[in-house]
Amino acid sequence: MPNVEDLISKVLEYNPQADVGLIKQAYECAAKAHEGQMRQSGEPFLKHPLEVAHILARMKMDISSIVVGLLHDTVEDSLTTVEDIANKFGRDMADLVEGLTKISKVEFMSREEKQAENFRKMIISMGQDIRVILIKLADRLHNMRTLEPLPSDKQKRIAQETIEIYAPIANRLGIGWMKVELEDLSLRYLKPDVYDDLNKKVALKRAERDRYIEEVIEIIKQNLKIYGLKGEVYGRTKHFLSIHQKMQSQGIPFESIYDLTGIRILTDTKVNCYAILGMIHSLWTPVPGRFKDYIGVPKSNMYQSLHTTIIGPKGHRIEFQIRTEEMHKVAEEGIAAHWKYKERGQIDTKDNRIYKWLRQMVEWQQDLADNRQFMDSVKVDLFQDVVYVFTPRGDVKELIRGATAVDFAYAIHTEVGNRCVGAKVNGKMVPLRYHLKNGDTVEVITNPNHVPSKDWLKFVKTPRAKAKLKHIINIEERKRSLDIGHKLLEKECQKTGASMTALTKSENFKDVLSEFNIRDLNDLAVLIGYGKVSPRQIIRKIFPEKVGKEELKEKEEAPKRTRPSGGVKVRGIDDILIHFSKCCNPVPGDKIIGYITRGRGISVHTAACPNIDELDYDKERLVEVEWDITGPATYPVRISVSTVDRPGVLASVSASITSSAANISHADISTTEDKRAILNFVVDIKDLAQLEKVLQKVGQISGVLEVKRIMGR
């Protein structure tokens, strides 16, 4: 178990003036608070906060962060209060502990909602003090390092959250070493067989690979001397997740990956970085399209380096990274390399560019009330592959790959996006859905009287553009539905001889508001305008005495409509047409959501359907639906199988599907230039369990590279 003296020594290495007495006091406080508490591994609980503090010291954090690392679990897991910490250590540290504690104290209806709301709280806390996320990252890293004693399902849940949220945040903050470790630890628990296999194979080839890299490094060192260039050269092994992703994306086995090890060169000046690049390209042939200049155009997390891949000795590809010592410090330490506090976690303004994405997320969490929307936006932003484009003045804008002129307009300003009517790229007019490319210069044309089109949601890519569009379209839709609802309600009142004034003054009106959980007449009109409730239904509830006998008779004599069969029921709505969306083909077991269409009843989608993103700008049209299966119905599902192109594989896949009691209703076969076959099927499935059985059995067939369910058209 690490001790506090080791921690103090580590802190004094980078901060000789550190108040070590404060660290000792915090350690004693944590030891007392966690006395007798044990982790699931059987180790004393105190080891965890001490390890977290060590990780923070590795990141060269300030004393407040180190102290909070030691104290971060005391309020949640002991009798210690925030005020106790404020009295002993000051308000700054108490606020940090409180910020971390608040993230995990609220109870929610579902795990997804809890994850989203916790992350929303974290974003808000980060906006107030960036150290909150850095301490949270250190906490998560140690938890991942000690995940072994937990049950398998809990390991997978924590690892999935880590690879989706925490590793990308570490990347966006520029903490390269932490991002890599979090990703590899996540892979270890999400795909243990893959991780173990890679571990063995990498170790098996290590000696041979190390000899090869040493030969290349020696050639580089000799040429650096010849050209009089300063440079420190060393090899680096790719981490497991990047190897696995390359094997998956290219459909190749481990033995076909030759660039498992790259070479990094550290030099003294930016000019020498380019000089060394030229030297390398003179020694070996560069691979076209594999050169990246992150020095001229740094990443948003301030990462700077030259990347190039060459065909080295024996025809093997080698990736080089060339940077200065200062650039390397930023690449590894991220914001810790920019640590210049003004007060309480606020970073010096000249480093604000690195936090632009954080300010955007704070903005999105305000605009996107729905937790699922918010998390989807965050994940898109964190996993972005980027393009760099320019304003007419030469300012660089970093956007997600596939971003359009409309995304660019919203990146400039919300009003520029809202008033956008056209765009010029490199001086030529382009469609608004034009996908921007690296180096494009974009000019937005605006009209002060223009309003955004709902169709833009079909092609915009950036979370900012989507959030802003949904917000303004929702306002416009609500206005339209409000007007329609008022007119329909007034018309229904006139039929029964009632007035709107009498309606709002009735005692029954209050009961209606309570029943539908709304505030006033306008909210009621919106519900009517959206089609969630009929005006006649409202009149019956408020003026039952005004409903004539003839109308009641008509109602009794009218043929009764029954809810169409289909295995789905809608909460709060009866007698309405239901149909399944063909874009995602939901099956029993999927989480589903209903969308009230105009004139076609309710469309049922899976909660994960990509097209929901185009529909849920208008929350009033979304309704809760649930499966209600009583008969032996089947549902069409599209699956795609990628295989090695060889005789007999189609027959094997087809036989595997039918052996799972599933019927193939359609098949489409194609081949690719790299000797792969793509088999697309429409399969009739009774529920999600049967679908998973089909996917599992097909995935086990020799020659199958990937099998997946297709979502979206």
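Colleague: Is T414 buried or exposed, and how do I read such a label?

Modeller: The label depends on relative accessible area, where buried means under 20%, exposed means over 50%, and partly exposed lies in between, with a 1.4 Å probe and protein chains only. T414 has a relative accessible area of 18%, so T414 is buried. Bear in mind that this is a predicted model, in which local features need pLDDT of at least 70 and side-chain atom pairs count only at pLDDT 80 or more, whereas totals for chains, interfaces and linings use all residues. Residues are numbered from 1 along each chain as its sequence is written, and side-chain values use heavy atoms, with hydrogens and water left out.

Colleague: Which residues is T414 in contact with, leaving aside its neighbours within four places in sequence?

Modeller: A contact means heavy atoms within 4.5 Å. T414 lies in helix α19 (residues 414–418), where helices are DSSP runs of H or I with at least four residues, strands are runs of E with at least two, and both are numbered from the N terminus. Beyond those neighbours, T414 is in contact with R464 and K468. R464 belongs to helix α20 (residues 463–496), and R464 counts as buried because its relative accessibility is 14%.

Colleague: Which backbone oxygen lies 2.5 Å from a polar atom of the R464 side chain?

Modeller: A polar contact is a pair of N or O atoms within 3.5 Å; within protein, one must be able to donate a hydrogen and the other to accept it, and residues adjacent in sequence count only if both atoms are side-chain atoms. Here the partner is the backbone oxygen of Y410, at 2.5 Å from a polar atom of the R464 side chain.

Colleague: How do I read a helix with buried residues, such as α6?

Modeller: An α-helix has 3.6 residues a turn, so residues three or four places apart point the same way. In helix α6 (residues 82–89), the residues V82, I85, A86 and F89 are buried. They lie on the same side of α6 because they cover an arc of only 100 degrees around the axis, the arc being that of the directions from the helix axis to the C-beta atoms. After α6 comes G90, with a positive phi near 105 degrees.

Colleague: Where do residues other than glycine have a positive phi?

Modeller: N517 is one of them, with phi near 55 degrees, and it sits in the loop between α22 (507–515) and α23 (521–530). N517 counts as exposed because its relative accessibility is 70%. A661 has a positive phi of about 65 degrees, lies in the loop between α27 (649–659) and β21 (663–671), and counts as exposed at 64% relative accessibility.

Colleague: How many disulfides does the count give?

Modeller: A disulfide is a pair of cysteine sulfur atoms within 2.5 Å, and by this rule the count is zero. C273 is buried, with a relative accessible area of 0%, and C493 is buried at 1%.

Colleague: Which elements have the lowest and the highest mean pLDDT?

Modeller: pLDDT is the predictor's confidence in each residue, from 0 to 100. Strand β7 (residues 341–343) has the lowest mean pLDDT among the elements of the chain, 38, while helix α14 (residues 270–283) has the highest, 95. Over residues 339–351 the pLDDT is below 50, and beyond near neighbours in sequence this stretch has 30 contacts in the model. For the chain, the mean pLDDT is 80, and 81% of its residues reach 70 or more.
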